[in-house]
Amino acid sequence: MRWILPPIAGALLLAGCAPAADPGVGSTAQQFLDADPATACGLLSPRALEDLTRHGREPCADVLPTLRSPGGSVADVVVWGSDAQARTGAETLFLHQFEDGWRITGGGCTPTTADAPYRCLIGGP
């Protein structure tokens, strides 16, 4: 019996620490990528929306099409608690879970360096 416990304890420890997938993250990210600008703006977090429209810039639905990448299909989703990352072949999206569901906190993100791992066109990680 003693030799069985370490593998079980190790498996439980790994399960508790490993990132998990959440289908709500992937569907929200894909909806953002496929949506018309007005609908996509509604999927942004309050902070990402504020960053996009501050300094007297035009409304979100006018600015967003100039910043969005070609999009694509969500190929990979990783969730850490109330934060998540969704990746397509061309970009990475960051999401946060609010009371009303997942919202985009960063979009059009591409890897950069270890000091600043991502550069985002919309918001950030």
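1. Strand 4 and strand 6 (residues 122-123) run antiparallel and are joined by two bridges. Within this pairing, glycine 107 faces isoleucine 122 of strand 6. The model under discussion is predicted, and the points below begin with strand 4 and its partners before turning to confidence.

2. Strand 4 spans residues 101-111, and eight of its eleven residues are buried. The strand is thus described as mostly covered.

3. Strand 3 also pairs with strand 4, in the antiparallel sense, and six bridges connect the two. One of the facing positions places threonine 92 opposite cysteine 109 of strand 4. The link between strand 3 and strand 4 is a hairpin of two residues.

4. Strand 5 (residues 118-119) is a further antiparallel partner of strand 4, with two bridges between them. Here proline 111 has tyrosine 118 of strand 5 as its bridge partner. A hairpin leads from strand 4 to strand 5 through six residues.

5. With regard to confidence, the mean pLDDT of the protein is 81, and 78% of the residues reach at least 70. The highest value belongs to strand 3 (residues 92-98), at 96, and this strand is the one that forms six bridges with strand 4. The lowest belongs to helix 1 (residues 5-17), with a mean of 39.

6. Residues 1-18 call for a separate remark. Their pLDDT remains under 50 throughout, and the model shows zero contacts for them beyond four places in sequence.

Technical notes. Residues numbered from 1 in each chain as written. Predicted model: local features only at pLDDT ≥ 70, side-chain atom pairs only at ≥ 80, totals over all residues. Heavy atoms only, no water. pLDDT = per-residue confidence, 0-100. Helix = DSSP H or I, 4+ residues; strand = E, 2+ residues; numbered from the N terminus. Contact = heavy atoms within 4.5 Å. Buried < 20%, exposed > 50% of the residue type's maximum accessible area, 1.4 Å probe, protein only. Pairing = 2+ DSSP bridges.
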